[in-house]
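Please open the model in a viewer and keep the selection panel at hand. The tour proceeds from one helix to the sheet and then to the ligand.

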Amino acid sequence: MRFFTGELDENRIIDVLSDLKHRVFPRPFERLSPLRGAQGLVGAEIGVCGGEHALSLLRTLEPDRLYCIDPYSIYETYDEGRSHYGIDQTPLDETEKKARALLASHADKIVWVRRLSSEAAVEIREQLDFVYIDGNHAESFVREDIRAYWPLLRRGGVLGGHDYYNGFQSEHDGVIAAVIEFAVDNGLKLKVELPDWWIVKS
Ligand SMILES: C[S@@+](CC[C@H](N)C(=O)[O-])C[C@H]1O[C@@H](n2cnc3c(N)ncnc32)[C@H](O)[C@@H]1O
């Protein structure tokens, strides 16, 4: 496998090693989860993309049901997506196909919801044990996701997500701002083990 092409830049090496770590081991959200080993879990992932992390959730937490929520479309306010995928729908259609193929062996556990997370939230008619937020990382979207999915969580359930870092890259600043705001406003204990954050609903 070739990881490095072109010049070796120290930030690139660190990014690749960090990515590699999370491909080999489950991310902290499921690895350290108080739900690990529990039976009959129902959860959701917001932002599924190629399905790699959904697969990790399915393997590590072994839920009975996982809502896989992703519109797979470039909607008007999705600036991050436009810079990542471009303006053409084709890469997103291919990503969705890739995710469905990767997750095919768990198809009986998955409920695909091809919608924006805000629309999907009103369609889920059961309590959730966990929600992992990794969709649109703009502050207003993360804030909206947290506020829409928190009420769906049962007591003892876990709400969390990805990309709780900024450093010199500012593209994920909004995640940190929205998460801290929610925790402080509601007097909740925030847990962080990079690159994930989570809050247990007591
Ligand atoms: C960073 S990727 C997700 C990566 C995935 N969680 C993983 O770790 O394997 C972000 C995904 O969020 C989706 N997305 C963007 N806006 C969304 C929204 N409002 N609701 C749900 N998903 C959204 C995009 O289509 C994209 O596939």
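Begin by selecting helix α3, residues 52-61, in this predicted model. Its buried residues are His53, Ala54, Ser56, Leu57, Leu58 and Leu61. In an α-helix, residues three or four places apart point the same way, because there are 3.6 residues a turn.

Which elements receive the buried residues of α3? Display α2 (28-31), β1 (42-46), β2 (65-69) and β4 (128-133): the buried residues of the helix pack against these four elements. Move next to glutamate 62, just after α3, where phi is positive, at about 45°.

Now select the strands. Seven of them form an open sheet with mixed pairing, in the order β3-β2-β1-β4-β5-β7-β6. At the edges stand β3 (110-113) and β6 (190-193), each of which pairs on one side only. From one strand to the next, the twist averages 15°.

Within the sheet, isolate β4 and β5 (residues 153-161), which pair in the parallel sense over five bridges. Valine 131 can be located here, opposite leucine 159 of β5. With the strands still displayed, restore α3: the helix packs on the sheet and touches β1, β2 and β4. The direction of α3 makes about 160° with that of β1.

Finally, select the ligand and the 20 residues around it, of which Gly47, Cys49, His53, Ser117 and Gly135 come nearest. His53 is thus met a second time, as it also belongs to the buried residues of α3. Colouring the shell by class shows nine nonpolar, eight polar and three charged residues.

Conventions:
Residues are numbered from 1 along each chain as its sequence is written. This is a predicted model: local features need pLDDT of at least 70, side-chain atom pairs count only at pLDDT 80 or more; totals for chains, interfaces and linings use all residues. A residue is buried if 20 or more other C-beta atoms lie within 10 Å of its own, exposed if 12 or fewer, and partly exposed in between; C-beta atoms are placed from the backbone. Helices (H or I, at least four residues) and strands (E, at least two) are DSSP runs, numbered from the N terminus. Two residues are in contact if their C-beta atoms, placed from the backbone, lie within 7 Å. A residue is near a molecule or strand if its C-beta atom, placed from the backbone, lies within 6 Å of it. Ala, Val, Leu, Ile, Met, Phe, Trp, Tyr, Cys and Pro count as nonpolar, Asp, Glu, Lys and Arg as charged, and the others, Gly among them, as polar. Two strands pair if DSSP finds at least two bridges between them. Axes are lines fitted to C-alpha atoms, for helices over the stretch in contact, and angles run from 0 to 180 degrees between N-to-C directions.
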